[in-house]
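Dear colleague,

I am passing the structure below on to you, with the sequence alongside, and my notes on what was found in it follow directly after. Please read them with the model open.

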Amino acid sequence: MIAKQALEVDQELQPQAVKRELAVEDDVLVATFSTLTVRLARLTLNAFLDNVDLVVRTIGEFGEEAERRPLASS
């Protein structure tokens with residue numbers, strides 16, 4: 001899955017404190033996190049969801065469907 005590949009590029013900033021696993025199950029991206037504190041879990045998840053949002057919007061804008069759309073005239 002393209003989203004998984006895009007998200008795997010960025011490693012965790014604190015690999016000793018945050019473990020992240022990404023998998024694809026039937027076209028569904030599954031993310032599993034393990035952190036040392038609840039606060040770190042919240043920060044990690046917020047940052048991850050921001051990245052997911054960016055990847056989804058980018059795929060929507062430039063993905064396969066975008067290839068079929070005519071270019072807007074300026």
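The count of aromatic pairs in this predicted model comes to 1. The two rings belong to Phe-33 and Phe-48, and because their planes stand at 75°, over the 60 degrees that the class requires, with the centres 5.1 Å apart, the pair is edge-to-face. The pair joins distant parts of the chain, since Phe-33 sits in strand β2 (residues 28-35) and Phe-48 in helix α2, with their positions 15 residues apart in sequence. The two partners also fall into separate accessibility classes: Phe-33, with a relative accessible area of 26%, is partly exposed, whereas Phe-48, with a relative accessible area of 7%, is buried.

Phe-48 leads on to the nonpolar core. The largest such core has 5 residues, namely Ala-3, Leu-7, Leu-22, Phe-48 and Val-55, and the elements that contribute two or more residues to this core are α1 and α2. That grouping can be set beside a general tendency, which is that in soluble globular proteins nonpolar side chains tend to be buried together. Within the core, Leu-7 has contacts that can be followed in some detail: leaving aside residues up to four places away in sequence, Leu-7 touches Arg-20, Leu-22, Leu-29, Phe-48, Asn-51, Val-52 and Val-55.

A charged residue deserves a separate look here. Lys-4 is found in helix α1 (residues 2-8), and with a relative accessible area of 19% Lys-4 is buried, because the class takes in values under 20%. Not counting residues up to four places away in sequence, the contacts of Lys-4 are with Leu-22, Ala-23, Val-24 and Leu-29; Leu-22 and Leu-29 also appear among the residues that Leu-7 touches.

Turning to the pockets, the largest pocket holds about 270 Å³ of space. Its lining is made up of 13 residues, of which Gln-11, Glu-12, Leu-13, Thr-44 and Ala-47 are the closest to the centre. The elements that give two or more residues to this lining are β1 (18-25) and α2 (38-62), and α2 gives the most, with 6 residues. Sorted by class, the lining of the largest pocket has 6 nonpolar, 4 polar and 3 charged residues, which you may wish to keep in view when you look at the surface of the pocket.

One of the residues closest to the pocket centre is Thr-44, which lies in helix α2. At 8% relative accessibility, Thr-44 counts as buried. Its contacts, again without residues up to four places away in sequence, are Glu-12, Val-18, Phe-33 and Thr-35, so that list includes a partner of the edge-to-face pair, Phe-33, and a residue that is also among those closest to the centre of the pocket, Glu-12.

The loop between β1 and β2 is where the backbone calls for attention. Asp-26 lies in that loop, and Asp-27 has its place there as well. Asp-26 has a positive phi of about 50° although it is not a glycine, and Asp-27, likewise not a glycine, has a positive phi of about 65°. Both side chains belong to residues that count as exposed, Asp-26 at 77% relative accessibility and Asp-27 at 68%. Asp-27 is also 7.4 Å from Met-1 in space, C-alpha to C-alpha, while the two residues are 26 apart in sequence.

For the chain as a whole, the secondary structure comes to 3 helices and 2 strands, and reading along the sequence gives the pattern α-β-β-α-α. Of the 74 residues in the protein chain, buried residues make up 16%. Among the contacts with a separation of 6 or more, 28% are between residues 24 or more positions apart.

With best regards

Key: Residues are numbered from 1 along each chain as its sequence is written. This is a predicted model: local features need pLDDT of at least 70, side-chain atom pairs count only at pLDDT 80 or more; totals for chains, interfaces and linings use all residues. Side-chain values use heavy atoms; hydrogens and water are left out. Helices (H or I, at least four residues) and strands (E, at least two) are DSSP runs, numbered from the N terminus. Buried means under 20% relative accessible area, exposed over 50%, partly exposed in between (1.4 Å probe, protein chains only). Contact means heavy atoms within 4.5 Å. On a 1 Å grid over the protein atoms alone, a cavity is a set of points where a 1.4 Å probe fits but cannot get out, and a pocket is an open set with protein on both sides within 12 Å along at least five of seven lines; lining residues have an atom within 4 Å of a point. Grid points are joined across faces, edges and corners, and a volume is the space filled by probe spheres set on the points. Ala, Val, Leu, Ile, Met, Phe, Trp, Tyr, Cys and Pro count as nonpolar, Asp, Glu, Lys and Arg as charged, and the others, Gly among them, as polar. Rings of Phe, Tyr and Trp (its six-membered ring) pair if their centres lie within 6.5 Å; planes under 30 degrees apart count as stacked, over 60 as edge-to-face and the rest as tilted. A nonpolar core is a set of buried Ala, Val, Leu, Ile, Met, Phe, Trp, Tyr and Cys residues joined through side-chain atoms within 4.5 Å.
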